[in-house]
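Me: I would like to learn how to read a structure feature by feature, with the general idea set out before the particular case. Could we work through one together?

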Amino acid sequence: MSGRRCPHFVRHGRAEGKIGKRKLVFHDRCGLKMRTNVHYACPHYPFSHTFDHVSCEVYHQVFKTGAARNDVVPTKDFQYSGALPSEAISDMKLL
C-alpha cells in the first residue's frame, strides 16, 4: 500500500452467508466510528501519498481539534514556570 496509513483504519472481518456456508468477508472500516457502534466505511482507503489522518473529517469530529498536541509541561512540578516555552517530546534531549 502506498502512502501514509491511518492508525485508526481497521480491516474488519465478519461471517456472512447462510448457516453452514458462512465465509469470512473483510470490510475497510474507520476504527473511530466503530467505537461508537457505527459501521462506517473508511472514505480515504486506499490511502494516497498525500494522505494525513490528522486532516480526516472523522478525526476532527472525534478529537475536536485540528492542532497537533505534542507538548509536555509538568504543571505540578516545583520548577514549573508558565513563562518557559514548551518543547515537543521528539525534540527533548536525553538527561
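Reply: Read from the N terminus onward, the protein chain follows the pattern β-β-α-α, with two helices and two strands in its secondary structure. Helices (H or I, at least four residues) and strands (E, at least two) are DSSP runs, numbered from the N terminus. This is a predicted model, in which local features need pLDDT of at least 70 and side-chain atom pairs count only at pLDDT 80 or more, while totals for chains, interfaces and linings use all residues. Residues are numbered from 1 along each chain as its sequence is written, and side-chain values use heavy atoms, with hydrogens and water left out.

Me: How many bridges join strand S1 to strand S2, and which residue is the bridge partner of His12?

Reply: As a general idea, side chains in a regular strand alternate between the two faces of the sheet. Two strands pair if DSSP finds at least two bridges between them; here strand S1 (residues 9-16) and strand S2 (residues 23-30) run antiparallel and are joined by eight bridges. His12 has His27 in S2 as its bridge partner. Six residues lie between the strands of this hairpin, and Gly17 takes a positive phi near 115° there.

Me: Which backbone values should I look at in the loop between H1 and H2?

Reply: Most residues other than glycine have a negative phi, and most peptide bonds are trans. Asn37, which lies in the loop between H1 and H2, has a positive phi near 60° although it is not glycine. With a relative accessible area of 72%, Asn37 is exposed, where exposed means over 50%, buried under 20% and partly exposed in between (1.4 Å probe, protein chains only). Pro46 is found in the loop between H1 and H2 as well, and the peptide bond that leads to Pro46 from Tyr45 is cis, with omega near 0°.

Me: Are Cys42 and Cys56 buried or exposed?

Reply: Cys42 counts as buried because its relative accessibility is 13%, and Cys56 counts as buried because its value is 8%. Cys42 has its place in the loop between H1 and H2, and so does Cys56. From C-alpha to C-alpha, Cys42 and His27 are 9.2 Å apart in space and 15 residues apart in sequence, whereas 8.4 Å separates the C-alpha atoms of Cys56 and His44, which are twelve residues apart along the chain. For the chain as a whole, buried residues make up 14% of the 95 residues.

Me: How many aromatic pairs are there, and which residues do ring pairs link into a cluster?

Reply: Rings of Phe, Tyr and Trp (its six-membered ring) pair if their centres lie within 6.5 Å, and planes under 30 degrees apart count as stacked, over 60 as edge-to-face and the rest as tilted. By this rule there are four aromatic pairs. The pair of Phe9 and Phe47 is edge-to-face, because the ring centres are 5.3 Å apart and the planes stand at 85°. This pair links distant parts of the chain, with Phe9 in strand S1 and Phe47 in the loop between H1 and H2, 38 residues apart. Both Phe9 and Phe47 are buried, and ring pairs link Phe9, Tyr45, Phe47 and Phe51 into a cluster.

Me: Which residues line the largest cavity, and of what class are they?

Reply: Rolling a probe the size of a water molecule over the atoms shows where empty space is left. On a 1 Å grid over the protein atoms alone, a cavity is a set of points where a 1.4 Å probe fits but cannot get out, and lining residues have an atom within 4 Å of a point. The residues that line the largest cavity are Cys6, His8, Phe9, Cys30, Gly31, Leu32, Cys42, His44, Phe51, Cys56, Val58 and Tyr59. Helix H1 (31-34) and helix H2 (57-63) are the elements that give two or more residues to this lining. By class, the lining has nine nonpolar, three polar and no charged residues, where Ala, Val, Leu, Ile, Met, Phe, Trp, Tyr, Cys and Pro count as nonpolar, Asp, Glu, Lys and Arg as charged, and the others, Gly among them, as polar.

Terms used
1 Å grid on protein atoms, 1.4 Å probe; cavity = no way out; pocket = protein on both sides within 12 Å on 5 of 7 lines; lining within 4 Å.
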